Amino acid sequence: MGKTLFDKIYDKHIVSSIPDGPDVFYIDVQYIHEVTSPQAFEGLRQRGIKVARPKQVCATADHNVPTENQHLPIQNDLSRHQVSTLVQNCEEFGIDLYGLEHPFQGIVHVVGPELGVTKPGMTMVCGDSHTSTHGAFGAIAFGVGTSEVEMVLATQCLMQHRPKRMRITVEGDLQKGVTAKDIVLYVISKTTAAGGTGYFVEFAGSAFSSLTMEGRMTVCNMSIEMGARGGLIAPDETTFEYVKGREFAPKGADWDKAVSEWKELYTDEDATFDKEFNFDASDIEPMITYGTNPGMGIGITQKIPSAADIGATTVKEIESFDKAMEYMDFKPGQAMLGKQIDYVFVGSCTNARIEDFREVAEIVKGKQKADNVTAWLVPGSKQVEKQIFDEGLAEIIEAAGFKIRQPGCSACLAMNDDKVPTGAYCVSTSNRNFEGRQGPGARTMLASPSTAAATAIVGKIANPADLI
Ligand code: SF4
């Protein structure tokens, strides 16, 4: 019987299996940042344990960093403390850190792939849910809790139960203005935000294989927003081309050997999954969310559904829907197109890569930002920031009235200075529209960089297909 891609990678990383218990699972790379690592290092310190394999740990400062004036000391006391603690811990335990002054600094899930640390066939963890991003390379990558961060630092292993496997296949051609973000928001709107619970998801079909690596990272990043443990896509020539030549990519004969191994990373034809979904790419239009979880999304030309429309039947489900409507101050039947907004955020580990800023530049070129919109355009890393300037995108974007900020998690979550005010509406390229995610009382609508850019130009929710 054939194996799924997930199982091929999983089986190679089992150190030992406990009968009727978890597997001792080897982790190739652990990413760390300033938020979830301090207690883990403190735990090691208290027990007198060293980091087992410091060269297999990659650290960067992202959540708490300001996105302006990064050359100045961080003003917020807690943020400054978090970042300086990371610096001290990395020095003490011998871990390479891409901190604020480093030319490779950025959001952990942008930095790892762009440095070539993330490679096909690997296992990777981080104390951060969106570690699933790295699955775009045909890797098993998932978020872990702080005690597990400590366990991996100490042993390079994790106790792990094998999850169930799901395949989501999307075939066909995409409509104008539809991007990777729209595909994944569409999928989550169909599966619901809990539809992937207990599963690891493989994304298959031409809609995914035709995506760039940036697009595939957007998809896998959001796999956890359907409740899944993670998502992955089989590596192919697009993957190899992306990894080749990067800082930590194999070189010379090692490269050839690695590629020949990576070519074996696919799901066998006769492999079976615990659950399968199939969708037609041509059904997808630019997407936007209207509620307070990423599953509450619709095509941008559609009207907000009712609780009944989305299949809410129990009292709890109906109350939850009503609560979301109240928080967003929306009503079923309302159109999303034309809704006036206050903020636009292009950034986060979902959509802050170079391709995302190319999309923005394409939309805003020769136009002007609407006066009613505050726009935050935040590159995912210093390397992305540099590329934005080197490619001339900054010139186009700034001529349209926008400003490029400095790299960090920014308005993805209210953990630094970039917060959306109470009651304000923000079209955001990030991954979570939960209550208060972008600031207490902030109202978030998730969308692609193209939709965010079109909205910033029009001042109201706009269909990017009309501006391309
Ligand atoms: S950008 Fe957002 S989701 Fe991504 S790592 Fe930072 S806070 Fe987490």
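This is a dialogue between a learner and a teacher about reading the predicted model shown above.

Q: Where should I begin, and how many helices and strands does the protein chain have?
A: Begin with the whole before the parts, and keep in mind that this model is predicted. The secondary structure of the protein chain comes to 15 helices and 18 strands, and its C-alpha atoms fill a box of roughly 55 × 55 × 45 Å when the box is taken along the principal axes.

Q: What radius of gyration would a compact globule of 468 residues have, and what does the protein chain have?
A: For 468 residues, a compact globule would have a radius of gyration near 23 Å, and the protein chain has 21 Å, so the value agrees with that expectation.

Q: How do I read a sheet, and in what order do the strands S9, S10, S11 and S12 stand?
A: The general idea is that strands of a sheet pair through backbone hydrogen bonds, either parallel or antiparallel. In this structure, four strands form an open sheet in the order S11-S10-S9-S12, and the pairing is parallel. Strand S11, residues 230-232, and strand S12, residues 275-280, stand at the edges, and because each has a single partner strand, one side of each is left without a neighbour in the sheet. Direction ignored, neighbouring strands of this sheet are turned by 20 degrees against each other on average.

Q: How many bridges join strand S10 to S11, and which residue stands opposite Val201?
A: Strand S10, residues 199-204, is joined to S11 by three bridges, and the two run parallel. Within this pair you can look for Val201, which stands opposite Gly231 in S11. Helix H1, residues 5-12, packs on the sheet, where it touches strand S9 (164-171), S10 and S11, and its direction makes about 130 degrees with that of S10.

Q: What is the strand order in the sheet that contains S1, S2 and S8, and is the pairing parallel or antiparallel?
A: Three strands form this open sheet in the order S1-S2-S8, with antiparallel pairing. The edge strands are S1 (14-17) and S8 (157-160), each of which pairs on one side only. Here, too, the average turn between neighbouring strands is 20 degrees, direction ignored. Four bridges join strand S2, residues 23-26, to S8, and these strands run antiparallel, while Phe25 stands opposite Leu158 in S8.

Q: How do I read two helices that pack together, and at what angle do H6 and H8 cross?
A: Look at the distance and the angle between the axes, then at the residues that meet. The axes of helix H6 (residues 180-191) and helix H8 (residues 213-221) come within 8 Å and cross at roughly 25 degrees. Angles under 35 degrees count as roughly parallel, and H6 and H8 are therefore roughly parallel to each other. H6 passes H8 in a right-handed crossing. Ala180, Lys181, Ile183 and Val184 of H6 make the contact with Gly215, Thr218 and Val219 of H8, and by class this contact has four nonpolar, two polar and one charged residues.

Q: Where do H2 and H5 lie in the chain, and at what angle do they cross?
A: Helix H2 covers residues 38-47 and helix H5 covers residues 146-155; their axes come within 8 Å and cross at roughly 50 degrees, which makes H2 oblique to H5. The crossing of H2 and H5 is right-handed. Gln39, Ala40, Gly43 and Leu44 in H2 meet Thr146, Val149, Glu150, Leu153 and Ala154 in H5, and the residues of this contact divide into five nonpolar, three polar and one charged.

Q: How far apart are the axes of H12 and H15, and which residues make the contact?
A: Helix H12 (residues 354-364) and helix H15 (residues 449-458) have their axes 8 Å apart and pack at an angle of about 35 degrees, in a right-handed crossing. The contact is made by Asp356, Glu359, Val360, Ile363 and Val364 of H12 together with Pro449, Ser450, Ala453, Ala454 and Ile457 of H15. Its residues divide into seven nonpolar, one polar and two charged.

Key: Residues are numbered from 1 along each chain as its sequence is written. This is a predicted model: local features need pLDDT of at least 70, side-chain atom pairs count only at pLDDT 80 or more; totals for chains, interfaces and linings use all residues. Two strands pair if DSSP finds at least two bridges between them. Axes are lines fitted to C-alpha atoms, for helices over the stretch in contact, and angles run from 0 to 180 degrees between N-to-C directions. Two residues are in contact if their C-beta atoms, placed from the backbone, lie within 7 Å. A crossing is left-handed if the near helix is turned anticlockwise from the far one by less than a right angle, and right-handed if clockwise. Ala, Val, Leu, Ile, Met, Phe, Trp, Tyr, Cys and Pro count as nonpolar, Asp, Glu, Lys and Arg as charged, and the others, Gly among them, as polar. Angles under 35 degrees count as roughly parallel, over 145 as roughly antiparallel, 65 to 115 as roughly perpendicular and the rest as oblique. The radius of gyration is taken over C-alpha atoms; the globule rule is 2.2 Å times the number of residues to the power 0.38.
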